[in-house]
Amino acid sequence: MSVELPETQILAEQMTDKILEKKIKSYDTTDTAKLQKIGFMNKKLKDYARLVGCKVKEITYRGNVIRIQMNKKMNLVLCPDYGAKILYHKNKETLPKKHHLKVEFTDGTYLTIRQTGMGLVYSATDQEVEDLYVIKRDFSDTPSPVGEHDFTFERFSELLDVKGQNIKAAIVGKTAVVVGLSNAAFQEIIYKAGIHPKRNTSTFTDDEKHELYDSMKQVLNERICSGGKDNWLNLYGEPGRHTPVMGPNMKDKDCPACGAGIEKIAHGGGQVYFCPRCQR
Ligand SMILES: [Zn+2]
């Protein structure tokens, strides 16, 4: 399952709480070949050795990307895009059997990262960070849908108009007008806004754009406040409490608002569940 902006924000905040000022004692990598081949882990495993002796100074995040900044100009960049278990362990007793990267701190605590889908686990110098694809993608000029007060409705509306594209392309992926969202958030947002998944943004009325903007803020803020999605685990291995209003969990069910049967279409490289009556 995918990790989106709300879960990334929660992870980054929990990391700030737990690993700030900790010094890396050692590391271990396993089962890395596949991720290395597609460039999601460093080609040379000894690049991770550069993290040893470094102290965590700051944790920043944007979109789906977490940058753990250390002294000695080093960084660990995580992008759990298509699913990952990123866990903190107060001792070795809770260490998982499998990890892609395990980091031990000098106080005997650990951080383990296991990608369950595609995603980045990368050791990089301050200079190398700038060249990473996910950094260019998410630490970009594209607005974040929550947490940035200059991302006003006017700006959102302007961006939708400039691009004039299918609503999914406007919310998810390379041409999106916001960072950090994927198919899961998309389904919830357009259901709440009453917009059909096949609509083009150039046909939106002002009211529809307002509905979309408000729904996006509402869905994401609600998910952050509820500790993330209910099928996702946070840094402490605890599930979130947010049950999606629309998505695969609504398969074969009726719309709670109008009673119509929920439908599913293949759209934009994924399955989209929607209410054929409420979403126009
Ligand atoms: Zn409905």
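How many bridges join strand β3 to strand β4? I looked this up in the predicted model. Four bridges link β3 (residues 65-70) with β4 (residues 74-79), and the two strands run antiparallel. I then picked out one residue, I66, and found that its bridge partner in β4 is L78.

**The sheet**

Next I followed the strands outward. The sheet is open and has four strands, ordered β2-β3-β4-β8, with antiparallel pairing. Why do β2 and β8 each have one side without a neighbour in the sheet? I find β2 (56-62) and β8 (120-125) at the edges; each has a single partner strand, so one side of each is left without a neighbour. I also noted the twist, which averages 20° from one strand to the next.

**Helix α1 on the sheet**

I turned to helix α1, residues 5-19. Helix α1 lies across β2 and β3. Its direction is at about 170° to β2.

**Two domains**

I checked how the chain is divided. Domain 1 covers 5-138 and domain 2 covers 153-274. Their C-alpha centres lie 28 Å apart. For the contacts between them, I have 18 residues of domain 1 against 15 residues of domain 2.

Which elements give two or more residues to the side of domain 1 that touches domain 2? I find α1 and β5 (84-89). Helix α1 supplies the largest share of that side, ten residues. By class, I recorded eight nonpolar, five polar and five charged residues on the side of domain 1 that touches domain 2.

My last note is on α1: this helix lies across β2 and β3, and α1 also gives ten residues to the side of domain 1 that touches domain 2.

Notes: Residues numbered from 1 in each chain as written. Predicted model: local features only at pLDDT ≥ 70, side-chain atom pairs only at ≥ 80, totals over all residues. Pairing = 2+ DSSP bridges. Axes fitted to C-alpha atoms, helices over the stretch in contact; angles between N-to-C directions. Contact = placed C-beta atoms within 7 Å. Domains from an automatic or database assignment. Nonpolar A, V, L, I, M, F, W, Y, C, P; charged D, E, K, R; others polar.
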